[in-house]
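I opened the file to see how the chain is put together and which residues sit where. These are my notes, in the order I looked things up.

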Amino acid sequence: MSRGGKEQPRGMSRRELLRAVGAAGAGFALGAGGTALSTGTLAARPRREIRDGARDQRVPFYGVHQAGIATPQQEHLHFAAFDLTTKSLEDVRELMRAWTEAGARMCAGEPAGEENTSPFMPPEDTGEALGLRPARLTLTFGFGPTLFEKAGEDRFGIKDSRPEALVEIPPMPGDALEEDSCGGDLGVQACADDPQVAFHAVRNLARIARGTAVMRWSQLGFGRTASTSREQSTPRNLMGFKDGTANIKAEDEELMRRYVWVARGDGPAWMENGTYLVARRIRMFIEVWDRVPLTEQERSIGRHKYSGAPIGAEHEFDPVDLEARDENGDPLIPENSHVRLARENEEQRILRRGYSFTDGMDRERGQLDAGLFFICFQRDPRRQFIPLQRRLARNDLLNEYIRHTGSAIFACPPGAHRGGYVGQILLEGA
């Protein structure tokens, strides 16, 4: 970057990297993950050297669906919810146009805006991602229920366009929700294999929103807690167990159609090919958990800790036999175990895409403030997440070790096409 007419010493910028990629061909950029990138099936996180290579990779911003849903899950998250401060629908349109343009640039590994060399104007990009690789950055945008109606007010004249499926998550048994970790008019999920790239994206979106929206709350996450591709291994959560073994995989297109993507006729036309995002901040009392005997830990989950196999089986992907009994005739997988409760209704399947988090320590308890930032996508939360979570909240043996402290829901519209912007059909159809 040139400042004051003098060349500053630096390494290869993201823009230069992309030019080099173009010159060398896609194979150079994509490495071992290679051509699968454009089809959304590239491998992620199998080995460190591949993860390092993954930082060179880009995920297309434009498409039928928004990226960051079927995309093989990245290693880091920055999630943010925003409240609109404007009363003008045109301002909301302008914000989504600006976010889309900046988002597409950043996902391509470019600065959020055109380079600005004026000494009298602030730069169009905050700069901390200059020299970093694209790191498979994805940005996923969603609209909260309060965008459509807040305190009985039709704020932007779009109340009638609110999908029936976009309901507030009802109170659940054991909830200990904190207001500053709930709700929001707009939601942004930034995922990347480099935490600074994800942070940079949210920071710049917040900067662009200034005067129109303010950040309501945000959450950083590290270490994915699910696999969303058959090419990914199953990660472990902060309880030390493999998490998300039975998750829907992006390659299972029929399952994605059935459980994740909103279909024509499901609701308003602007949501076709979209989905619904539910986020829950789940505090884990890991110090208590760490004092629980191994057998009790496994009975709470319903799986063996080290292999990830269902209790009574040997391998992680062995079938879960809910009818299996021990020598006393009791179920091998306890009635209130997490695995059994989660599998009670096949129609409630969801696409999980959560992350571990730690926010320092809880001084009141003298314990780590850590846990799971749970994110899931589904076609209709009324038929999927809500009844599933209600059952878990009432009966799950894990409830002794966790508390839900944050909650939000967003309608994620379909992807944008070049020249358009995310949410355009909703905001221009009003």
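The entries below go from the whole chain to single strands and then to single residues.

**Entry 1: overall.** I noted at the start that this is a predicted model. I counted secondary structure and got twelve helices and eleven strands. The chain has 430 residues, and 53% of them count as buried. I then took the contacts between residues at least 6 apart in sequence, and 76% of these join residues at least 24 apart. The protein exposes about 19300 Å², and 49% of that area comes from carbon and sulfur atoms.

**Entry 2: strand β10.** I asked how many of the twelve residues of strand β10 are buried. Eleven are, so the strand, residues 367-378, is largely enclosed by the rest of the structure. I next went through its partners. Strand β7, residues 275-284, runs antiparallel to β10 and is joined to it by nine bridges. In that pairing Ala279 stands opposite Ile375. Strand β9, residues 355-362, is also antiparallel to β10, with six bridges. Asp362 has Gln367 as its bridge partner in β10. I looked at the connection as well: β9 and β10 form a hairpin with four residues between them, and Gly366 in the turn has a positive phi of about 65°. Strand β8 is short, covering residues 351-352, and pairs with β10 in the antiparallel sense over two bridges. There, Arg352 is bridged to Cys376.

**Entry 3: Asp369.** I picked this residue as a charged position within β10. Is Asp369 buried or exposed? Its relative accessibility is 15%, and Asp369 therefore counts as buried, the limit being under 20%. Beyond its sequence neighbours within four places, Asp369 touches Arg281 and Arg283, and also Phe357, Thr358, Asp359, Gly360, Met361 and Asp362. For Thr358 I also took the C-alpha distance to Asp369, which is 5.7 Å across eleven residues of sequence.

**Entry 4: Arg352.** I returned to Arg352, which lies in strand β8. The residue is buried, with a relative accessible area of 16%. Which side chain makes a polar contact with the side chain of Arg352? I found Asp243, at 3.1 Å. The list of contacts outside the four neighbouring places includes Gln73, Thr225, Ala226, Thr228, Gly244 and Asn247. From β10, the same list has Leu372, Phe374, Ile375 and Cys376 among its entries.

**Entry 5: His404.** This residue lies in strand β11, residues 402-412. His404 is buried, at 9% relative accessible area. Its side chain has a polar contact of 3.0 Å with the side chain of Arg280. I listed what else His404 touches beyond four places in sequence, and found Asp175, Ala176, Leu177, Arg281, Ile282 and Gln389 besides Arg280.

**Entry 6: cysteines.** I searched for disulfides and found zero. I checked two cysteines for burial. Cys376 counts as buried at 0% relative accessibility. Cys182 counts as buried too, at 12%.

**Entry 7: nonpolar cores.** I kept one general remark in mind: in soluble globular proteins, nonpolar side chains tend to be buried together. Which members of the largest nonpolar core touch the most other members? They are Trp99, Leu139 and Phe141, in a core of 77 residues. Helix α4, residues 89-107, gives the most to this core, with nine residues. I listed the contacts of Trp99 outside its four neighbouring places: Phe82, Phe141, Leu186, Val188, Leu205, Ile208 and Ala209. A second, separate core has 22 residues, including Ala81, Ala279, Ile375 and Cys412. Two of these names were already in my notes, as Ala279 stands opposite Ile375 in the pairing of β7 with β10.

**Entry 8: Pro195.** I ended with a proline in helix α6, residues 195-209. Pro195 is partly exposed, with a relative accessible area of 43%. I took one distance here: its C-alpha atom is 7.0 Å from that of Leu77, with the two positions 118 residues apart along the chain.

Notes: Residues are numbered from 1 along each chain as its sequence is written. This is a predicted model: local features need pLDDT of at least 70, side-chain atom pairs count only at pLDDT 80 or more; totals for chains, interfaces and linings use all residues. Side-chain values use heavy atoms; hydrogens and water are left out. Buried means under 20% relative accessible area, exposed over 50%, partly exposed in between (1.4 Å probe, protein chains only). Contact means heavy atoms within 4.5 Å. Accessible areas come from the Shrake-Rupley method with a 1.4 Å probe; for residues, only the protein chains shown count as cover. Two strands pair if DSSP finds at least two bridges between them. A disulfide is a pair of cysteine sulfur atoms within 2.5 Å. A polar contact is a pair of N or O atoms within 3.5 Å; within protein, one must be able to donate a hydrogen and the other to accept it, and residues adjacent in sequence count only if both atoms are side-chain atoms. A nonpolar core is a set of buried Ala, Val, Leu, Ile, Met, Phe, Trp, Tyr and Cys residues joined through side-chain atoms within 4.5 Å.
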